[in-house]
Amino acid sequence: MKVANGYEYIAILEGIAPRKYAMEGDPIGLQIGDLSHKVRKIMFTLDVLENVVDEAIVKGVDLIIAHHPLLFRPLKKIDMATPEGRIVKKLIKHDITVYAAHTNLDIANGGVNDALSELLRLEDIGVIVPTYKESYSKIAVYTPDFAEESV
């Protein structure tokens with residue numbers, strides 16, 4: 001069993017679905033916890049629900065990687081009487097880190113949209129609204145004919 005810190009696993013994930021691919025305002029990334037802690041067990045989930053957190057506690061999970069961010073909007077309070085408050089309390093109490101990969105994972109090559117398109121046997125697929133564009137620069141260099149080979 002490989003044991004590494006959360007940063008190492010997230011580096012692999014971000015190699016597949018870089019943060020720069022996320023739509024503006026999408027709260028991806030670290031949601032709760034500390035990525036410097038050792039990770040022995042990882043759980044993947046669509047949503048961080050209370051029953052998911054309860055299962056993670058029972059199974060000794062150190063890192064939950066969720067598709068949908070648990071904290072989509074800023075919290076104004078953490079009320080332990082609410083499901084959201086109980087989730088936050090359990091995650092902190094059991095030292096479980098939560099990381100979200102949402103729109104960046106949707107549009108990554110081989111990501112959620114590609115997987116669904118393949119399962120549905122869709123053809124002629126493409127990007128509707130680009131979330132990221134590489135910047136390129138054109139550089140022109142003028143040299144004397146005799147220096148062309150060395151340049």
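Visitor: How many nonpolar, polar and charged residues are in the lining of the second largest pocket?
Guide: Bear in mind that this is a predicted model, where local features need pLDDT of at least 70, side-chain atom pairs count only at pLDDT 80 or more, and totals for chains, interfaces and linings use all residues. For the classes, Ala, Val, Leu, Ile, Met, Phe, Trp, Tyr, Cys and Pro are nonpolar, Asp, Glu, Lys and Arg are charged, and the others, Gly among them, are polar. There are 14 residues in this lining. They divide into eight nonpolar, two polar and four charged.

Visitor: Which residues lie nearest the centre of that second largest pocket?
Guide: A pocket is an open set of points on a 1 Å grid over the protein atoms alone, with protein on both sides within 12 Å along at least five of seven lines, and a lining residue has an atom within 4 Å of a point. This one has a volume of about 240 Å³, a volume being the space filled by probe spheres on points joined across faces, edges and corners. Nearest its centre are Leu75, Lys77, Thr82, Glu84 and Gly85.

Visitor: And which elements give two or more residues to the lining of the largest pocket?
Guide: The largest pocket has a volume of about 550 Å³. Of its 18 lining residues, Ile107, Asn113, Gly126, Val127 and Ile128 are the closest to its centre. Helices are DSSP runs (H or I, at least four residues), as are strands (E, at least two), numbered from the N terminus. The elements you're after are helix H4 (103-107) and helix H5 (112-119).

Visitor: Is Asn104 buried or exposed?
Guide: You'll find Asn104 in helix H4. Its C-alpha is 8.8 Å from that of Thr131, though the two are 27 residues apart in sequence. Buried means under 20% relative accessible area, exposed over 50%, and partly exposed in between (1.4 Å probe, protein chains only). Asn104 has just 1%, so it counts as buried.

Visitor: Over in helix H5, why does Leu119 count as exposed?
Guide: Two residues of that helix are handy here: Leu116 lies in H5, and Leu119 does too. Leu116 is partly exposed, with a relative accessible area of 45%. Leu119 counts as exposed because its relative accessibility is 67%.

Visitor: What is the C-alpha distance between Leu116 and Asp106?
Guide: Residues are numbered from 1 along each chain as its sequence is written, and side-chain values use heavy atoms, with hydrogens and water left out. Leu116 and Asp106 are ten residues apart in sequence, and in space their C-alpha atoms are apart by 9.8 Å.

Visitor: What is the volume of the largest cavity?
Guide: A cavity is a set of grid points where a 1.4 Å probe fits but cannot get out. Searching the whole structure turns up one cavity of 30 Å³ or more. Its lining has three nonpolar, three polar and four charged residues, including Asp34, His37 and Asp95. The space inside is about 40 Å³.

Visitor: Where is Asp95 found?
Guide: Asp95 has a positive phi of about 55 degrees although it isn't a glycine. It is partly exposed, with a relative accessible area of 42%. Its place is the loop between helix H3 (83-93) and strand S6 (97-100).

Visitor: And where does Arg121 lie?
Guide: Arg121 isn't a glycine either, yet it has a positive phi of about 55 degrees. With a relative accessible area of 72%, Arg121 is exposed. It lies in the segment after H5.
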